[in-house]
Every structure is written in C-alpha cells, then in structure tokens.
Amino acid sequence: MLFDSHSNSAIALPNRIAMAPMTRCRADHRDAVPNDMIVEYYRQRASAGLIISEGVPVSDRARGYINTPALWNDAQAAGWRRVSDAVHSADGRIFAQLWHCGRVAHAALHVDGSAPAGVSKKPAATQTMIPGQDGKITQVACGQPQALSLTEIRGVVAEFAHAAKLAMQAGFDGVEIHGANGYLLDQFRCPALNNRNDAYGGSLANRYRLLLEVVDAVAAEVGPQRVAVRQSPYGVANDMVADPEPMATYPWLARELNQRGIGFLHIYCQSADWIHDAGHSMMPALRDAFHGGLIACGGFKTADACEAILARGHADLIAIGKPYIANPDLVERLRCNAPLNKWDVNSFYAGGATGYTDYPTL
Ligand SMILES: Cc1cc2nc3c(=O)[nH]c(=O)nc-3n(C[C@H](O)[C@H](O)[C@H](O)COP(=O)(O)O)c2cc1C
C-alpha cells in the first residue's frame with residue numbers, strides 16, 4: 001500500500017510517503033530567498049510522493065527564527081520557482097508550508113523591529129535564534145508579544161492569501177497551512193493562551209475562526225484540493241498547554257475542513273506513540289470526520305510501521321521527518337528495507353552544506 005498512488009481531483013501522488021516539513025535555516029536572513037543549496041536539497045528528495053517544504057514565513061513579522069526562506073515578495077517567489085522546477089524535473093511534487101510563528105519570535109528578527117504577534121500578551125517560555133554580533137547566530141528567549149488587533153488579524157489572513165498566490169506563481173503544487181506546534185494559528189486554538197473576548201476567543205468556533213478564515217482565503221487562491229492543514233493534537237511544543245478536550249476539538253476541525261473539500265489533513269504526533277496505537281481513538285475519529293487525504297506523522301522509521309497504520313485505514317499518507325534529513329533516497333531505501341543513514345542533530349539548523357546536501361544515497 002505504501003508504494004501505491006494516492007490522488008484527488010487536483011493532484012496525483014505516486015506513493016504514500018511525504019517528506020515532512022522541516023525548517024533548516026539555510027537562507028540569508030536579509031532577503032530570505034531560497035539559494036542554490038536549498039534547490040539542491042529538495043531536488044535530492046524528489047522521489048517522495050509529496051515534499052512538504054520547510055515552514056515558509058508569510059511576512060516579515062511572521063518570522064520566528066533566523067535564516068528561514070520566506071514567501072512574501074517576488075524575489076522570494078523567483079527563488080522558490082527554482083526549487084519547484086528542480087523538483088518537477090526530477091519527477092517530484094512539492095507543497096509550500098505557509099507559516100506564521102506568532103509569539104514564538106523576537107523583534108530582532110523583524111526588519112522594522114516589530115514585536116512578536118500574539119493571540120494575547122502571554123510570552124512563549126522558549127527560545128529562538130536571532131542575528132547576533134559579527135553575524136553569529138545567538139540563542140535568546142522569545143520576545144514579549146503584542147495581542148493582534150482585529151485590523152491586524154485581517155492583515156494576517158491577507159498575508160496567507162498573498163503567500164498562497166505567490167506559491168502558485170512559484171510553481172508549487174499546493175500549500176500546507178501550518179496550524180500546529182504552538183505557532184500563531186495554534187496559539188489562537190489554545191484556551192490557555194487565548195483570553196480574547198472578541199470573535200476570535202471563547203468558543204471552539206471562535207478560537208478556530210482565524211485558521212478557518214486563512215483556509216478559506218488560501219483555498220480561494222489555490223483551490224481546496226491543493227490545500228493541506230497541519231495540526232498537532234496533544235502537542236505541547238513551544239510552551240503550549242495540551243488541549244483540554246482533544247476528542248472534541250480536532251474532529252470538529254476535521255469536519256469543518258471536510259465540508260470545505262480541503263485536500264489533506266496532516267496530523268503530527270509529537271510524542272510519537274498514540275498515532276502508532278491501533279486502540280487509540282484519535283485517528284479513527286479524524287478518519288470518520290475527514291474524507292480527504294489524511295496524513296500521519298511522528299516516529300515512522302520502517303515500511304512496516306507505515307503499512308500498519310495504512311492497513312488499519314487510519315491514514316492515507318505517512319509524513320516522515322528526521323529520516324528524510326539523512327536519507328535523500330528514503331523511498332528507495334524503504335522499498336528494499338535498506339539500512340538508513342543516521343541524522344546529525346547538530347547540523348539541523350547550522351547553515352552550510354554539511355549535514356544538508358551531503359548525505360549519501362544507496
Ligand atoms: C529539524 C526539524 C525542523 C522542523 N521544522 C518544522 C517545520 O518547519 N514545520 C513543521 O510543521 N514541523 C517541523 N518539524 C516537525 C517535523 O515535521 C515532524 O513532525 C517531526 O520531525 C516528527 O516526525 P519524525 O519522527 O519523522 O521526525 C521539524 C522537525 C525537525 C527535526
């Protein structure tokens with residue numbers, strides 16, 4: 001099954017393996033344009049059924065880390081066009097992951113020095129990387145966020161829509177909206193952070209209002225079947241508080257996305273256990289609610305582990321992260337049960353070609 005195709009009315013994937021979105025910090029922070037190294041990295045991984053790009057900030061203020069290639073202007077779109085051309089020339093398909101980091105950010109990352117954007121004024125007790133003295137990367141605590149005004153919220157929706165439009169110009173096959181891992185859209189969902197008393201706080205529908213406005217605006221640009229939405233049930237990354245009612249929250253969103261005919265719902269299991277548990281109720285509940293391509297991610301390292309969840313019918317596609325960093329030919333390796341190269345954590349965000357484009361194929 002893992003090596004069977006999957007398609008909807010807009011896109012056909014030759015196998016069920018997706019490369020999970022992974023930030024690698026290889027661009028120059030000043031222009032955030034994808035460079036030759038980034039083109040080569042994605043070209044090497046084009047045998048994935050679908051590549052989901054690293055998180056791509058939709059505006060300067062959306063940036064939360066140093067050196068992330070972005071997508072808010074024509075120069076950045078032209079850089080990504082080189083990436084998509086390289087992937088397509090190697091018979092691949094690639095979505096752009098559209099990203100707003102929200103409070104997981106620092107004013108030093110923003111050209112105009114603007115404070116991080118928050119659902120509320122609660123800062124994130126976590127760290128980020130900013131440009132330091134002599135061009136050295138410095139690790140610092142995230143900055144004090146400002147709660148977004150209603151006008152700014154409308155601006156965020158417009159930024160996502162603009163980035164989606166640029167993504168189509170750049171030749172991407174679709175986009176994923178990053179609604180997971182404690183970034184802006186996830187911050188709105190979280191009742192422990194969202195203390196708003198306007199239309200974006202309070203009820204579940206209000207807390208998901210921004211995400212669904214983004215989904216509608218992005219789908220209007222690219223077509224719903226070319227849209228993926230990422231969620232991380234039970235996730236606590238980036239100083240999040242686990243959702244108090246996950247079995248109500250995530251199936252509710254899945255039904256909303258299903259009604260809109262969205263192409264893919266991408267579920268990331270941070271703890272890498274419940275998604276592998278046939279007896280756990282989350283994936284079956286999402287499967288009932290969402291009839292598009294359901295993607296499962298977190299801790300998949302063997303073809304057998306992927307096949308097990310596909311065979312249960314609890315997912316249609318498997319997204320694989322860290323093994324893809326170290327194995328550009330991961331599909332071929334899984335197909336023949338070949339050993340996998342080990343990833344080097346120290347080069348995840350280090351810049352340069354080492355630990356990026358130099359992992360060997362079989
Ligand atoms: C270096 C690195 C960068 C990541 N960056 C992102 C990102 O930009 N967007 C995102 O949604 N998830 C990101 N993730 C999470 C991965 O997409 C994936 O969910 C996680 O690594 C678990 O999958 P795995 O067990 O196959 O590695 C990142 C993970 C790693 C290791």
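A residue counts here as buried if 20 or more other C-beta atoms lie within 10 Å of its own, with C-beta atoms placed from the backbone. Keep that cut-off in mind during the tour, which goes through a predicted model.

**Stop 1: strand β5**

Select residues 94-99, which form β5. Six of the six residues of this strand reach the cut-off for buried, so β5 is largely enclosed by the rest of the structure. Colour I94, A96 and L98 in one colour and F95, Q97 and W99 in another: the two sets lie on opposite sides of β5, and both sets are buried. The pattern has a general basis: in a regular strand the side chains alternate between the two faces of the sheet.

**Stop 2: from β5 to β10**

Now add residues 174-178, strand β10, which pairs with β5 in the parallel sense over four bridges. Two pairs are worth labelling. F95 has G174 as its bridge partner in β10, and Q97 has E176.

**Stop 3: the other neighbour, β4**

Select residues 50-57 for β4. Is this strand enclosed or open? Eight of the eight residues of β4 are buried, so this strand too is largely enclosed by the rest of the structure. β4 pairs with β5 in the parallel sense, over five bridges. Along this pairing, I51 stands opposite I94, and P57 has W99 as its bridge partner in β5. To follow the chain between these two strands, show α2 as well: the path runs from β4 through α2 to β5 as a right-handed β-α-β crossover.

Next bring in β3, residues 17-19, which runs parallel to β4 and is joined to that strand by two bridges. Here M19 stands opposite I51.

**Stop 4: helix α1**

Select residues 36-44. In this helix, I38, V39, Y41, Y42, R43 and Q44 are buried. What covers them? Among the elements over the buried residues of α1 are β4, α2 (74-89) and β5.

**Stop 5: the whole barrel**

Show the strands together. Eight of them close into a barrel with parallel pairing, in the order β3-β4-β5-β10-β11-β12-β13-β14. On average, neighbouring strands of this sheet are turned by 25 degrees against each other, direction ignored.

**Stop 6: strand β13 and its neighbours**

Select residues 293-297. Five of the five residues of β13 are buried, so the strand is largely enclosed by the rest of the structure. G293, I295 and C297 point one way, while L294 and A296 point the other way.

On one pairing, β13 runs parallel to β12 (residues 264-268), and five bridges join the two. Y268 has C297 as its bridge partner in β13. Add helix α8, residues 282-289, to see a right-handed β-α-β unit made of β12, α8 and β13.

A further pairing of β13 is with β14 (residues 317-320), in the parallel sense over three bridges. The bridge partner of I295 in β14 is L317. With helix α9, residues 303-311, β13 and β14 make another β-α-β unit, which is right-handed.

**Stop 7: the ligand**

Finish by selecting the ligand and the residues around it. Which residues are closest? A shell of 21 residues surrounds the ligand, and the closest are A20, T23, G55, G321 and K322. Coloured by class, the shell shows ten nonpolar, eight polar and three charged residues.

Conventions: Residues are numbered from 1 along each chain as its sequence is written. This is a predicted model: local features need pLDDT of at least 70, side-chain atom pairs count only at pLDDT 80 or more; totals for chains, interfaces and linings use all residues. A residue is buried if 20 or more other C-beta atoms lie within 10 Å of its own, exposed if 12 or fewer, and partly exposed in between; C-beta atoms are placed from the backbone. Two strands pair if DSSP finds at least two bridges between them. A crossover is right-handed if, with the strands pointing away from the viewer, the path from the first strand over the helix to the second runs clockwise. A residue is near a molecule or strand if its C-beta atom, placed from the backbone, lies within 6 Å of it. Ala, Val, Leu, Ile, Met, Phe, Trp, Tyr, Cys and Pro count as nonpolar, Asp, Glu, Lys and Arg as charged, and the others, Gly among them, as polar. Two residues are in contact if their C-beta atoms, placed from the backbone, lie within 7 Å. Axes are lines fitted to C-alpha atoms, for helices over the stretch in contact, and angles run from 0 to 180 degrees between N-to-C directions.
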